[in-house]
Amino acid sequence: MIDLLDVRNKLLRYPGIIPLIESKVHANTVLVIEPTNWHGEVIPPIVNYFLKLGFYVDVIVSDKNYTNDLLNNVINCNDKVRLFHLFLPSALSDELFRYNMRRYKYIFLTSTDDFTGVYYPKLFKENFCSKFTKNNVFFIEHQWERFKKLTSSQERKYFLSHAVALHKFPYNKSTTTPFISPTFYANTKICKKNKKTTFLVAGRFDSKCRDLNLLLRVLEKFKKESIKDFHINIVGRVGNEPLPLDFNRYSDCVSIWGDITNCQLYNITKNSDFILALLSQNNKEHIKDYTTNKTSGSFGLSVGFIKPLILNNFFATKHDFSNKNAILYNEDDLYHAMLQAIKLSKKNYKTLCKGLLNKKLKQEKESLTNLKQLMHM
């Protein structure tokens, strides 16, 4: 016979989980788990989709996401959402899944990163699939190429029935994985263009994610031509490379925010006019990733907050961006694209935003349909 008191005592080493275990769970509740310290911007849209479908939502996150205003100002129905502290990733133990997670109608993981020293499909198989008889566990896979390499064909066939992507990526020639667009933020609307055009760069400071040298070259040219009617906010965490020190030379028109909370990021995004993707068609990693198996967090912020992207046309067509909802450029001619954005009238800016709103509504409608089908609703 199972001794639940003994289980509880074992879990005392994870104090953040105790309030979750001892709380009452509504019968129609979804549990959303983000086991890593990253991808916090994905959680509010996912929660909003479940709220839209009439669910209560419990959210478990680790240290950093718990303390960074994750759900502030983005979710309307706070009385139906509860946030719990994971404290340590290892708290996602067999016992916790076996005795607590059965209370939830559905369980949805927003990341599948390596968070316990074992690659996720193994953990999924051992700690999820084997513990549930109902087909109620789903996950977002962010790295499809890695997923294909580290799982067997038989495992992939099973996992794909549980998986969603963040974009319409073809898994292979015969299979397309459903997507859930991470753009469903609450209280977003079309805003007027600022008198001083404001740009946002958001994300990791890694060349494999964005080419910051593109922006440095534009800043140097703007300085020589005395173009001053703009401001750039740079937000993000240091990845494998630091932010180039050259940006310090442009402190009069560039603000560097570093790694800030989600709430701060949302406020800066709301006050921006355009988002700079900084993808280069001369970067082999950008081509390999962002035209095949990856999407960018900048795309989600752009659509979610209705802030037009400035994007290389080479990548735009792969992600359904056009001149109707973004400012596009060829080759690496970011200079003329940013100049166009600065000179764009308020009327034409509003038209661009309306095109982006149409894209947002279309993606979110399709995402809701995909989510319903995934859960057999």
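Two strands are taken to pair if DSSP finds at least two bridges between them, where strands (E, at least two residues) and helices (H or I, at least four) are DSSP runs numbered from the N terminus. By this criterion, E4 and E5 pair in the parallel sense over three bridges. The structure is a predicted model, in which local features need pLDDT of at least 70 and side-chain atom pairs count only at pLDDT 80 or more, while totals for chains, interfaces and linings use all residues. Residues are numbered from 1 along each chain as its sequence is written, and side-chain values use heavy atoms, with hydrogens and water left out.

The pair E4 and E5 belongs to an open sheet of six strands, which follow one another in the order E3-E2-E1-E4-E5-E6 with parallel pairing. The edges are formed by strand E3 (81-85) and strand E6 (163-164), each of which pairs on one side only. In general, the strands of a sheet pair through backbone hydrogen bonds, either parallel or antiparallel.

Strand E1 (residues 29-34) pairs with strand E4 (residues 106-109) in the parallel sense over four bridges, and valine 32 has phenylalanine 108 in E4 as its bridge partner. Between E4 and E5, leucine 109 has phenylalanine 139 of E5 as its bridge partner. E5 is in turn joined to E6 by two bridges, the two strands running parallel, and here isoleucine 140 stands opposite valine 164 in E6.

Burial was assessed by relative accessible area, with buried meaning under 20%, exposed over 50% and partly exposed in between (1.4 Å probe, protein chains only). In a regular strand the side chains alternate between the two faces of the sheet. Both faces of E1 are covered, with Thr29, Leu31 and Ile33 buried on one side and Val30, Val32 and Glu34 buried on the other. In E5, Val137 and Phe139 point one way and Phe138 and Ile140 the other way, and all are buried.

E1 also pairs with E2, in the parallel sense over six bridges, and valine 32 stands opposite valine 59 in E2. The chain crosses from E1 through H3 to E2 in a right-handed β-α-β crossover, a term that applies if, with the strands pointing away from the viewer, the path from the first strand over the helix to the second runs clockwise.

Helix H3 (residues 43-52) lies across E1, strand E2 (56-61), E3, E4 and strand E5 (137-140), and runs at about 160 degrees to E2. Axes are lines fitted to C-alpha atoms, for helices over the stretch in contact, and angles run from 0 to 180 degrees between N-to-C directions. H3 also packs against helix H15 (residues 346-374) at an angle of about 70 degrees, with the axes 11 Å apart. H3 is therefore roughly perpendicular to H15, given that angles of 65 to 115 degrees count as roughly perpendicular, those under 35 as roughly parallel, those over 145 as roughly antiparallel and the rest as oblique. Through contacts (heavy atoms within 4.5 Å), Tyr49, Phe50 and Lys52 in H3 meet Glu364, Ser367, Leu368 and Leu371 in H15.

Elsewhere, helix H14 (residues 334-343) is mostly covered, as seven of its 10 residues are buried; among them are Leu334, Tyr335 and Ala337. H9 packs against H14 at an angle of about 60 degrees, with their axes 9 Å apart. At this interface, Leu214, Leu215, Val218, Lys221 and Phe222 in H9 meet Leu334, Tyr335, Met338, Leu339 and Ile342 in H14.
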